[in-house]
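Here's a quick briefing to read alongside the model. Keep the viewer open and follow along.

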Amino acid sequence: MVVRCEDVWREVSNYLDEQVTPELRAAIEEHLRACTRCTAVVDGTRNVVQIYGDERMVELPLGFSRRLHRRLEGNVSGTRRSFFGWLVAAAAAILIAGGFKAARSSVLGRPALRSEHARGSSHVPPDMMVIVAEDGKTFHVAGCPFIHDKASLRTITAHEAEQQGYAPCVRCMKKYLDPGAVALSDGPVDDLAASEDPLRTSE
Amino acid sequence: MAAGLGSLENPAQQDYEQRLVQRIRDGEHEAFYQLIRPYERRVYAAAFAILRNEADAEDCAQEAVLKAFKNIRQFRAEARFSTWLIEIAVNEARMRRRKERADLIEPIEKEKNEEGSYTPRDFADWREIPSEALERKEVREKLAEALGALGQIYREVFVLRDMEQMSIEETANALGISAASVKTRLLRARLMLRDLLAPGLGGAWSSQLSFAKGTKPW
């Protein structure tokens, strides 16, 4: 199968989502080896998907959680917590915020993390063999189209990858990642946590 | 990992959420706070993608969460709670948008070529590792600006699929369009964003100066 540039542009999205047949995939990759223009299109499109998929792209306005909860309490009868309920919630919030702080500060004691999201929090089987690029930040299953620099790949276990500060690829490792984990891992557990995060501003 | 909830695996998470839903249905309304906490950011992001205004998006997100609470009995066990919640947010945001802009004529030219093929305008090489670029505030601003420049139909699909990480089918259901339309719009959204961002983020301005925008370099 031979593909032209136009075919690559039409299929780039399906290619990145792994929704093309193995034959088409091979043909696209063959074309990419010889075509710098299409390589630029595929690389750039992959970057778009990767960069917007990062949770840092969405910044909650400061105080969002607090206001949301106030609105819920004010509107839903019977949701007002008992004093004990509040006590439990407050204790949980303190523990969570403490954990958050501890997680951040413990980063200093470990080898430098390649990715903000590499916190050893995924459920990727530790013995699974994964692919990492030397100057990459994420680990992947072999053949994932989101592998960045194909020149310097290594195969190591998921455990080693996490130890070395790589984070699981949100695409190929998706089934091991919890949908709530991203939001919880450094989401504003409360506004204190939000205001302490230098990456988060509310413009 | 800051909290225990996120450390549960997918099926366990769904199970856990199902139990929370049951507790809420049985009258333990406080459990709703636990249920929505991991998704607050995603609800806001969906609303913001459509309304493009912080205050409107926040109000819309609050309303959507409130509706989810009030309609918790309609939530079906086989669905993911997050998908259901975001669908509510999308509907709420679209309704508000229609109401606010009822007197405005929607630009149709953005949608007329939807089925036609899209030719990339720019072939700048973009090699920078995106997660590093995100550390810079001006880059995040450029990204938000580029997303805002997309037509509504493309932005909705892109946000649900690539930012909310919903599947093609979930995106199609949430927007009430076919899976084929999701794919077509997604392709276009991704390519348009690449065209908007590659020249700047690729740092290749100098090598691209000889090619005027819209012309092909060959």
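What follows covers the fold of chain B, its helix packing and the nonpolar cores.

Bear in mind that this is a predicted model. Chain B has eleven helices and zero strands, and 43% of its 218 residues are buried. Much of the detail below concerns H3(B), H4(B) and H5(B), starting with how H3(B) and H4(B) cross at roughly 130° and how H4(B) and H5(B) do so at roughly 130°.

**Overall fold of chain B**
- Reading from the N terminus, the elements go α-α-α-α-α-α-α-α-α-α-α.
- Take the contacts in chain B with a separation of 6 or more: 69% of them are between residues 24 or more positions apart.

**H3(B) against H4(B)**
- Helix H3 of chain B spans residues 40-51, and its axis comes within 8 Å of the axis of H4(B), crossing at roughly 130°.
- That angle makes H3(B) oblique to H4(B), and the crossing of H3(B) and H4(B) is right-handed.
- On the H3(B) side you'll find Val43(B), Tyr44(B), Ala47(B), Phe48(B) and Leu51(B), which meet H4(B) residues including Ala57(B), Cys60(B), Ala61(B) and Val65(B).
- Sorted by class, the contact of H3(B) with H4(B) has ten nonpolar, two charged and no polar residues.

**H4(B) against H5(B)**
- Helix H4 (residues 54-70) and helix H5 (residues 81-100), both of chain B, have axes that come within 9 Å and cross at roughly 130°.
- H4(B) and H5(B) are therefore oblique to each other, and their crossing is right-handed.
- H4(B) brings Asp56(B), Cys60(B), Ala61(B), Glu63(B), Ala64(B), Lys67(B) and Ala68(B) to the contact, while H5(B) brings Leu85(B), Ile88(B), Ala89(B), Glu92(B), Ala93(B) and Arg96(B).
- By class, the contact of H4(B) with H5(B) has eight nonpolar, five charged and no polar residues.

**Nonpolar cores**
- The largest nonpolar core has 75 residues, and those with the most contacts inside it are Val43(B), Tyr44(B), Ala46(B), Ala47(B), Ala61(B), Ala64(B) and Ala89(B).
- Helix H10 of chain B (residues 179-201) gives this core its largest share, eleven residues.
- Which residues does Val43(B) touch, leaving aside its neighbours within four places in sequence? Val43(B) is in contact with Ala61(B), Ala64(B), Val65(B), Leu85(B), Ile86(B) and Ala89(B).
- A second, separate core has 14 residues, among them Val124(A), Phe139(A), Ala158(A) and Met173(A).

Technical notes: Residues numbered from 1 in each chain as written. Chains lettered and ligands numbered in written order. Predicted model: local features only at pLDDT ≥ 70, side-chain atom pairs only at ≥ 80, totals over all residues. Axes fitted to C-alpha atoms, helices over the stretch in contact; angles between N-to-C directions. Helix = DSSP H or I, 4+ residues; strand = E, 2+ residues; numbered from the N terminus. Parallel < 35°, antiparallel > 145°, perpendicular 65-115°, else oblique. Left-handed = near helix turned anticlockwise from the far one by under 90°. Contact = placed C-beta atoms within 7 Å. Nonpolar A, V, L, I, M, F, W, Y, C, P; charged D, E, K, R; others polar. Buried ≥ 20, exposed ≤ 12 C-beta atoms within 10 Å, placed from the backbone. Core = buried A, V, L, I, M, F, W, Y, C linked by C-beta atoms within 7 Å.
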